[in-house]
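Student: I'm new to this structure and I'd like a close look at just one salt bridge and the part of the chain around it. Could you pick a pair and walk me through its surroundings?

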Amino acid sequence: MTAQPRKMSEIMKEMAQILLRQLRKVPSSEAAHVALLFANIAWNECVGLDRAREGYRNVWEVIEAENPELWNELKSNDINAMIDELVRYKKDHYPDDRRRILICGMREANVHVEWIPAASPGVDSRWEMELYGLVRTGEREKAIRFLQETRSLSRKEAVKRATEVAADLGMK
């Protein structure tokens, strides 16, 4: 029997805590969110979803604007070095876990992660993440157009595929 993989929320929390200066002290919401965001970026980089650092820069800049002191709660203000540390951690501790993170954040005081399985051989992981992301965020019409434009599917075929993705995500 195959062992169940650890919950992604536990792993993301574990990775985010690596970046905190004081482990015994509860971090500010902003520091917790930024550390979690960096853990998410590092994880997805390790499974072939690069370019996330720049794509998420605006997110941590908004959080930083709310609380510029958040950097005092983290080990460093060198963002790339912190993400690089988390990349090494993921490779050392979870080298075979290829799940891809769609959503990672906080719900109330809990870490919440939604993920999809590793890409199948021959599947363009970035393309698939874009499709799943559109469906997950409720932009089904955009997902349908995306399928039509990138895979030359008829509208009927694209609707069927978007519906399958929604079912994979536990959505109606």
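Tutor: Let's start with a pair that sits out of view: in this predicted model, both E128 and R100 are buried. Their side chains meet in a salt bridge, with N and O 2.5 Å apart. The two partners come from distant parts of the chain, with E128 in helix α7 (residues 125-136), R100 in strand β1 (residues 100-107), and their positions 28 residues apart. Why can two such side chains pair up at all? Opposite charges on side chains can pair when the charged atoms come close.

Now zoom in on E128. How buried is E128? Its relative accessibility is 11%, and because anything under 20% goes down as buried, E128 makes the cut. What else does E128 touch? Setting aside residues within four places in sequence, E128 is in contact with R100, I116, A119, V123 and R161. So you can picture R100 as one of five contacts on that list. Hold on to the name R161, as we'll come back to it.

Next, the helix that carries E128. Helix α7 has 12 residues, and its end C-alpha atoms are 16 Å apart, which agrees with the 16 Å you'd get at 1.5 Å a residue. Is α7 enclosed or open? Of its 12 residues, 9 are buried, so the rest of the structure largely encloses it. If you want to find them on screen, the buried ones are S125, W127, E128, M129, L131, Y132, G133, L134 and V135. What does the covering? The elements lying over those buried residues include α2, β1, β2 (110-116), α8 (140-151) and α9. Notice that β1 is on that list, and β1 is also the strand that holds R100.

Let's follow two of those covering pieces, beginning with α9. Remember R161 from the contacts of E128? R161 has a salt bridge of its own with E164, at 3.6 Å from N to O. This one is a local affair: R161 and E164 are 3 residues apart in helix α9 (residues 155-168), so about one helical turn separates them. The surroundings aren't like those of our first pair, either. R161 has 21% relative accessibility, so it counts as partly exposed, and E164 is partly exposed as well, at 34%.

The other covering piece is α2 (residues 29-46), with 18 residues and a reach of 26 Å from first C-alpha to last, close to the 26 Å expected. Helix α2 is itself mostly covered, with 14 of its 18 residues buried. I41 sits in this helix, and at 0% relative accessibility I41 is buried. Leaving out residues up to four places away in sequence, I41 touches A52, R53, Y56, W60 and I83. You can also look for G55, which is 14 residues from I41 along the sequence and 9.6 Å away in space between C-alpha atoms. Just past the end of α2, G48 takes a positive phi of about 90°.

Back to charged pairs, for some context on ours. How many salt bridges are there? The count comes to 10. One of them joins E114 and R107, whose closest N and O atoms are 4.0 Å apart. Here the two partners are covered to unlike degrees: E114 is buried at 17%, while R107 is partly exposed at 48%. Elsewhere, R6, E10 and E14 are tied into a network of salt bridges. Across the protein there are 28 positive and 28 negative side chains, and the centres of the two sets lie 4 Å apart.

Finally, step back to see where all this fits. The protein has 9 helices and 2 strands, following the order α-α-α-α-α-α-β-β-α-α-α along the sequence. Of its 172 residues, 41% count as buried, E128 and R100 among them. The link between E128 and R100 spans 28 residues of sequence. For the protein as a whole, among contacts with a separation of 6 or more, 61% join residues 24 or more positions apart.

Notes. Residues numbered from 1 in each chain as written. Predicted model: local features only at pLDDT ≥ 70, side-chain atom pairs only at ≥ 80, totals over all residues. Heavy atoms only, no water. Helix = DSSP H or I, 4+ residues; strand = E, 2+ residues; numbered from the N terminus. Buried < 20%, exposed > 50% of the residue type's maximum accessible area, 1.4 Å probe, protein only. Contact = heavy atoms within 4.5 Å. Lys, Arg positive; Asp, Glu negative; His and termini not counted. Charge placed at Lys NZ, Arg CZ, Asp CG, Glu CD. Expected span 1.5 Å × (residues − 1).
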